[in-house]
Amino acid sequence: MKKYIILSVLFTLFGLVSCYDDDSSLGTKKIGDITIGTLEDASIISYSGNKLIREPEIETTYPDDQLTYAWYIYKEDQDKGFRTNKIDSVKNLSYEVNLPAGSYTIIFEATATENGYAATAEMKLAVSTTFSQGFYILKETADGNTELDVYTQNGLVPDLLAMTQGEALPGSPRNLSVGYSQAFIDTEENKMVNANTVCITTESDKLICLRTVDMLKAFDNSNLLFEEMEADEEPYCMIRSLASIFYFSNKGIRSSSTSENSGKMGFPLDNGGSKHVQIVNGGFGGHVYWNNTKHRVMTVDYNCIAASEIEYNTEINQDNLECLSSGLNYVGGGETIYFLCQDKVSGTRYLYLLSGGAIVEIRPLNSALHLAQGDIIAGNGLTGTFIYSVHNNKLYAYNFDAETEIEIPVTGLPAGETISYIFNLYWNMGPFGDTSLNFDNIVIGTQKENTYTVYLYNIRGGQPYGEPIDQFSGEGKLKSVRYVCQLVVDQIAMLGPFYGYGPCFPY
């Protein structure tokens, strides 16, 4: 009897399995038959009537009338589900972008009404305002003062200081630098905020720091310090460190954390500084800088607690030296920082080479080198061990590893224009951030009377390659070009060199 019961149970189980197989093969054979093609990432300027247009390619066996569609958007720091914010319910999207600057994810979803099966595809959307992302141009006006232009995908916007602050900044330009995630008090909202900024200093010792989203003034000489700024203070630059903003002046070095605070600077560390500052190991090793007061290369830790001269046994009389240029090179996983200095008495130039924040060589340059004669100097950052110089309106590259120099032919420059500027400008976000905006360009500027033109070149082997990929012109004398990205730069991103990916951006 027990045997028959067992057999009966087994037959029942076989029957259930058979029924299950039959039902699944008949009822769900279409599940999964929706494939959505790749959606291309986009970068759009907001509040300008610009639209995000996407027409996704869909492969499916479902009839059109059995599919529904939805488009969703969420910001990078959103902690809710992606279906929180639907922007449309159509297949082909035409969405006017009126959003705050930032990084967004767009998700397209196609759903079969028959069984609820859904497939999705996503893309990145980088949203900027007129000022929040682009190439900032520091220039000298016809009357010798300082102005600022910005070039974005919508073209050139000139004279931002006159437009937003009412007038140009007194004095000729000294420096332009970018402060990512700078803390300050938003006087319009009356609250502490963090934002990307540009900082401008002039030879008349004026300083202004502007939020790049809307050109709101964060700081100037009147409110940067807790105490009143002394009349003889010479502001040099404000730059992003590992997790702080550092301010260098002739009075020394001050810092303020990038965490939410007033952003004001306290008492200075040491004395002396300059605009020639380079970050070491992503900020983990602090900064090295030229001290105009002490005529030495010095170092300051990332907490801004101690500053000291970098010792090196040399017979060179450094007291007569002034710094002409500095830069950071990261090629082959090795970080090299240079300072190019000149003896004000003899005219001899010396190349300081540093590794790991220590001086490894002070090299007197042969006077026949173009690097020893040119007055426009800049270093390569990521693709070649070069220091560029312009001499007699020609471009040269000095290989500091091989100690050789070559002339670099430049195509696409009109006859009659004088090369007045060169810089290696890049955005190099490592794998811990959004890499969709990465680029690496050689910037060459020319001057013809009171008109400047900026040419952007791709790089091959550390040299400008081919015809310019973009160019733009403006009024004034070109002094500096810096790129501002709208992305948030956190401490992990700053540590790119520490993880072997190189610096995010040049100083």
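Me: Two strands pair if DSSP finds at least two bridges between them. What is the order of the open sheet of four strands that has β36 in it?

Reply: First, some housekeeping: this is a predicted model, where local features need pLDDT of at least 70, side-chain atom pairs count only at pLDDT 80 or more, and totals for chains, interfaces and linings use all residues. Residues are numbered from 1 along each chain as its sequence is written, and side-chain values use heavy atoms, with hydrogens and water left out. Strands are DSSP runs of E, at least two residues long, while helices are runs of H or I with at least four, both numbered from the N terminus. The pairing in your sheet is antiparallel, and the order is β12-β11-β10-β36.

Me: Which strands of that sheet stand at the edges?

Reply: Look for strands with a single partner, which means that one side is left without a neighbour in the sheet. That picks out residues 155-157 and residues 477-484, and the twist across the sheet averages 25° from one strand to the next (axes are lines fitted to C-alpha atoms, for helices over the stretch in contact, with angles from 0 to 180 degrees between N-to-C directions). The edge strands are β12 and β36.

Me: Inside the sheet, which residue of β11 does I137 stand opposite?

Reply: Strand β10 covers residues 134-140 and β11 covers 146-152. They run antiparallel and are joined by six bridges. Across from I137, in β11, is D149.

Me: There's another open sheet of four strands, with β22 in it; which are its edge strands?

Reply: This sheet has the order β20-β21-β22-β23, with antiparallel pairing. Its edge strands pair on one side only, and they are β20 (277-279) and β23 (307-309).

Me: And which residue of β21 stands opposite Q278?

Reply: β20 pairs with β21 (residues 287-291) in the antiparallel sense, over three bridges. Opposite Q278 stands V288.

Me: Now to β33 and β34: how many bridges join them, and which residue in their hairpin takes a positive phi?

Reply: The two strands run antiparallel, with seven bridges joining them; one bridge pairs T446 with T453 in β34. Two residues sit between the strands of the hairpin, and the positive phi there is near 55°. So much for the setting; the count is seven bridges, and the residue is E449.

Me: In the hairpin of β34 and β35, which residue takes a positive phi?

Reply: β34 (residues 451-460) and β35 (residues 463-475) run antiparallel, with nine bridges between them. Along that pairing, T451 stands opposite E475 and Y455 stands opposite Q471. The hairpin has two residues between the strands, and the one with a positive phi near 60° is G461.

Me: Why is β34 largely enclosed by the rest of the structure?

Reply: Buried means under 20% relative accessible area, exposed means over 50%, and partly exposed lies in between (1.4 Å probe, protein chains only). β34 has 10 residues, and it is largely enclosed because the number of them that are buried is seven.

Me: Is N441 buried or exposed?

Reply: N441 lies in β33, residues 439-448. Beyond its neighbours within four places in sequence, N441 is in contact (heavy atoms within 4.5 Å) with residues including F423, L425, L456, Y457 and I469. A polar atom of its side chain lies 3.4 Å from the backbone oxygen of Y457. Its relative accessible area is 6%, so N441 is buried.

Me: How far apart in space are L39 and P56, C-alpha to C-alpha?

Reply: L39 lies in the loop between β1 (34-36) and β2 (42-45), and at 6% relative accessibility L39 counts as buried. Its contacts outside four places in sequence include P56, W71 and F108. L39 and P56 are 17 residues apart in sequence, and in space their separation is 6.8 Å.

Me: Which residues touch the most other members in the largest nonpolar core?

Reply: A nonpolar core is a set of buried Ala, Val, Leu, Ile, Met, Phe, Trp, Tyr and Cys residues joined through side-chain atoms within 4.5 Å. The largest has 93 residues, and those touching the most other members are Y136, F248, F339, Y352 and W427.

Me: What percentage of the residues in the chain is buried?

Reply: The chain has three helices and 36 strands, and its C-alpha atoms fill a box of roughly 115 × 55 × 50 Å along the principal axes. Out of 507 residues, the buried share is 51%.

Conventions. A polar contact is a pair of N or O atoms within 3.5 Å; within protein, one must be able to donate a hydrogen and the other to accept it, and residues adjacent in sequence count only if both atoms are side-chain atoms.
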